[in-house]
Amino acid sequence: MDAFDRVTVMPRFATGALALILLVGCAPPSPQSPAPLSASAYRSRDDDAVGGQFQVTLTGLSDIAVSVRSVMLDSPGFDTVDPTVREVALGRGTRIDVPTEFGAARCDVAPEPASVQVSTGSDTTVVVPLMSQNDTLNRIHAEECAAKDLADIVTVTMVPGPLPSGPAEPLPAVLTLDRRDGDEPLRLDEIRGSLLYALNSEAVPVTLASGNTSIDIPVTLTTASCEPHVVADAKKPFVFPAWIAVGDGVPVYTRIPVPVSVQRQLVEYQQRSCVR
């Protein structure tokens with residue numbers, strides 16, 4: 001028998017072993033265990049007042065309670081910030097709302113798909129897909145990017161006047177819009193106070209007309225709360241939301257800057273008002 005007539009025959013046990021190896025190698029990977037939590041995002045009026053945060057509703061999905069230690073947003077559309085510490089045990093059906101901060105918007109990428117990284121009591125991190133009520137995350141992302149564009153067109157400043165003589169009197173201030181670029185009308189549609197200070201003006205809404213570079217708007221500030229626990233728990237007491245429209249566009253959410261010197265004036269005013 002020459003070389004072309006020789007046939008190699010494999011033992012039956014060898015062919016069976018090979019078939020088993022091929023079957024194992026072709027088997028699909030086992031599915032990952034589902035996260036023991038679900039997460040959804042929404043935004044409250046308090047979140048607007050505080051700024052830079054929204055609410056993550058965590059719901060337990062496991063019969064064994066999961067110990068939550070902290071929550072952090074993971075989104076391609078926002079810079080990463082420190083997690084929110086919140087220690088709670090969540091069993092099946094139990095839920096909690098966690099105020100969760102977001103970083104600066106990355107306007108060249110979309111914010112979704114997003115998730116939250118939840119640190120658990122077992123010193124591990126669970127990645128939970130983030131659902132969005134009323135398109136919350138996309139709305140925040142769009143607003144933050146619009147605010148960046150608005151900052152290139154107009155600046156807003158607030159300068160309080162001298163402290164009033166009586167503790168019950170409001171603190172007068174002047175809100176100024178300064179045009180930086182363009183000549184379209186700039187309409188200040190709405191202003192709101194912070195968690196600790198009410199901000200009002202009978203002159204709002206008001207428009208900075210084309211051809212004008214600046215407008216001064218009289219406003220007043222009053223103390224919104226003197227409750228010790230409210231004052232102590234207010235993490236961002238100097239966030240004052242405002243909405244400004246450029247031309248015929250929709251109003252854009254922005255925040256009135258409050259430098260340290262103005263913060264000191266507001267604290268002094270509040271302390272005097274709350275002593276009465």
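## An aromatic cluster

In this predicted model, F54, F78 and F102 come together as one aromatic cluster. A search through the whole structure turns up 5 aromatic pairs. Let's look at F78 and F102: their ring centres lie 5.2 Å apart and their planes meet at 55°, so this pair is tilted. An angle that is neither under 30 degrees nor over 60 falls into that group.

The pair also links distant parts of the chain. F78 sits in the loop between β3 (66-74) and β4 (84-90), while F102 belongs to the loop between β5 (95-101) and β6 (115-120). Along the chain, the two residues are 24 residues apart.

## Buried or exposed?

Are F78 and F102 buried or exposed? Buried means under 20% relative accessible area. F78 has a relative accessibility of 2%, so F78 counts as buried. F102 comes out at 10%, so F102 is buried too.

## The sheet around the loops

Now for the strands. There are 7 of them in an open sheet with mixed pairing, and their order is β4-β3-β6-β7-β1-β2-β5. At the edges you will find β4 and β5, each pairing on one side only. On average, neighbouring strands of this sheet are turned by 35° against each other, with direction ignored.

You can zoom in on β3 and β4, which pair in the antiparallel sense over 5 bridges. Here S70 stands opposite V85 in β4.

## A helix on the sheet

Which strands does helix α3 touch? Helix α3 (residues 136-151) packs on the sheet and touches β1 (37-42), β2 (53-60), β3 and β7 (125-132). The direction of helix α3 makes about 80° with that of β7.

Technical notes: Residues numbered from 1 in each chain as written. Predicted model: local features only at pLDDT ≥ 70, side-chain atom pairs only at ≥ 80, totals over all residues. Heavy atoms only, no water. Phe/Tyr/Trp six-rings, centres within 6.5 Å; stacked < 30°, edge-to-face > 60°. Helix = DSSP H or I, 4+ residues; strand = E, 2+ residues; numbered from the N terminus. Buried < 20%, exposed > 50% of the residue type's maximum accessible area, 1.4 Å probe, protein only. Pairing = 2+ DSSP bridges. Axes fitted to C-alpha atoms, helices over the stretch in contact; angles between N-to-C directions. Contact = heavy atoms within 4.5 Å.
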